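Biologist: Could you take me closely through one part of this model, a place where helices pack together, and then work outward from there? I would like the answer in one go, please.

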Amino acid sequence: MGQPAGAGAPTPRSGPAGQFMSPPGPEEAQLLATGRSLALAAEQAAALTPADVRAAAEREIDEASALFDEFPATERNEIEELEARLRALRDADPVEPSVEPSGLGRLFGRRSRKSNVDPSEERLRALSLGSMGKARAILFNAREGRGHATSSALLRLAEAYGAELAEHRSMGGELDVHEGGEERARQLVQSALRRFPAPWIAESNAFSIPVQIRHVNAGERAAYRRRDDLPSMAAGRDIAAILVPDVRENRNPYDSGGPDRAAFHELGHRMQHANPTIGALEHEHIRRRTTAPTGEREPLTPLPGKGESGWASNFADPYQGRDYSRAYPDDTPTEILSVGMEALFGGAYGGFIGAGRYAPDDDSRFFILGLLAAHDGGAEAR
Ligand SMILES: [Zn+2]
């Protein structure tokens, strides 16, 4: 599950369905209706339909496949075997629970420590500099829905979602951050804030646990840490941290997803942490998406390559169904808003409209847009 399909364009599945799926309750149904009308208005404003974007992605996959297939089979086999080996290594070497991916399909930099680099990683990196390796990376990115035309279309849609949201309510603002941290990381995160409602940002600023913004080390993954270890906080006060990749770093050739994806994702976790009512709605969403109408819950299964488990079956990417209840039994986080922000505004996971190898998921798309458009942020509810 979750691996790129073979040569040729994948046929998008029909979206969330199946055994473990229940209808929404009244509050969520209202959010979904709001999100749906906002999505349709945005598509109209951008003069784009999800089918247009899917078609663009399929064309890019076909073109990239044809380009890659021109190389000799022995060379193509070597690159495919190296990828398979790195995938297996990644699956056998789970990352720490507090550290999470800023992009899927990461084959490079399983660990930040340079001494731990496998020779196959170095060989693949060297191959990726040649014309065949470049063709392979183009194909990989096309399957991820990150080809040039597809990315531009998803970006236009993201701009249109943003414009529609701004008609509904005040969006964006300044995030108060704890001193220290890093300026470029801070700028990256501040720029992603334009996609979050102003009242949510105000809630974060009023929250008792301040947040610092820094870069992750090379090869490490972006993260939101609810409790960070900072010597300056030795007085016993908790601090949280948003960790994002450094834009100046050489990213691996397979990862064309920008660091702004990570900023959207980790800010999603921050908002969830500072606004408990957001988390409550996310939990309601994930529960009905993983529970049959008979009440039977989908069993937890291991997530590919993460050393974690989740309810994977009904999401565009299994990571969205990650379960944190063991790591955080109280006030458990989810990946609903974080992954959703990445999908809608960072062009990840096929934009939830089925670009590339991902299934479309209007249920998630409308939920995230409805939440952004209509949820108060909890100040009144608490
Ligand atoms: Zn996350």
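Modeller: Happy to! Helices H1 (26-46) and H12 (362-374) are roughly perpendicular to each other, because their axes cross at roughly 100° (65 to 115 degrees counts as roughly perpendicular, under 35 as roughly parallel, over 145 as roughly antiparallel, and the rest as oblique). The two axes come within 7 Å; axes here are lines fitted to C-alpha atoms, for helices over the stretch in contact, with angles from 0 to 180 degrees between N-to-C directions. Please keep in mind that this is a predicted model, in which local features need pLDDT of at least 70 and side-chain atom pairs count only at pLDDT 80 or more, while totals for chains, interfaces and linings use all residues. Residue numbers start from 1 along each chain as its sequence is written.

Which residues make the crossing? On the H1 side they are Leu-31, Leu-32, Thr-34, Gly-35, Arg-36, Leu-38 and Ala-39. They meet Arg-365, Phe-366, Phe-367, Ile-368, Leu-369, Gly-370, Leu-371, Ala-373 and Ala-374 of H12 (a contact means C-beta atoms, placed from the backbone, within 7 Å). Helices, by the way, are DSSP runs of H or I with at least four residues, and strands are runs of E with at least two, numbered from the N terminus.

H12 itself is largely enclosed by the rest of the structure, because 11 of its 13 residues are buried (20 or more other C-beta atoms, placed from the backbone, within 10 Å of the residue's own; 12 or fewer is exposed, and in between is partly exposed). The buried set runs from Asp-363, Ser-364 and Arg-365 through Phe-366, Phe-367, Ile-368 and Leu-369 to Gly-370, Leu-371, Leu-372 and Ala-373. These buried residues pack against H1, H6, H10 (276-289) and H11. The ends of H12 lie 17 Å apart between C-alpha atoms, which agrees with the 18 Å expected (1.5 Å times one less than the number of residues).

H6 (residues 148-168) is one of those neighbours, so let us follow it. Its 21 residues reach 31 Å from first C-alpha to last, close to the 30 Å expected. Among its buried residues are Ala-153, Leu-154, Leu-157, Ala-158, Tyr-161 and Leu-165, together with Thr-150, Ser-151 and Glu-164. The cover over them includes H1, H2, H11 (336-346) and H12. H2 (residues 50-69) has 20 residues and should span 28 Å; its end C-alpha atoms are 28 Å apart, which agrees. Buried positions in H2 include Pro-50, Val-53, Arg-54, Glu-58, Glu-60, Ile-61 and Phe-68.

Now for a sheet elsewhere in the chain. Three strands form an open sheet in the order E1-E3-E2, with mixed pairing (strands pair if DSSP finds at least two bridges between them). E1 and E2 are the edge strands, each with a single partner, so one side of each has no neighbour in the sheet. On average, neighbouring strands are turned by 15° against each other, direction ignored. Helix H7 (residues 183-192) packs on this sheet, touching E1 and E3, and its direction makes about 115° with that of E1. E1 and E3 (residues 240-244) pair in the parallel sense over 5 bridges, with Ile-213 partnered by Ile-242 and Arg-214 opposite Leu-243. E2 (residues 223-225) runs antiparallel to E3, joined by 3 bridges, and Arg-225 has Ala-241 as its bridge partner. Both faces of E3 are covered: Ala-240, Ile-242 and Val-244 are buried on one side, Ala-241 and Leu-243 on the other. E1 (residues 211-215) is largely enclosed too, because 4 of its 5 residues are buried.

Finally, the whole chain. It has 12 helices and 5 strands, and 46% of its 382 residues are buried. Average pLDDT is 83, and 79% of residues score at least 70 (pLDDT is the predictor's confidence in each residue, from 0 to 100). Where should you take care? Residues 1-13 stay under 50, as do residues 95-107. Where pLDDT is low, the predicted coordinates should not be read in detail.

Methods. Two residues are in contact if their C-beta atoms, placed from the backbone, lie within 7 Å.
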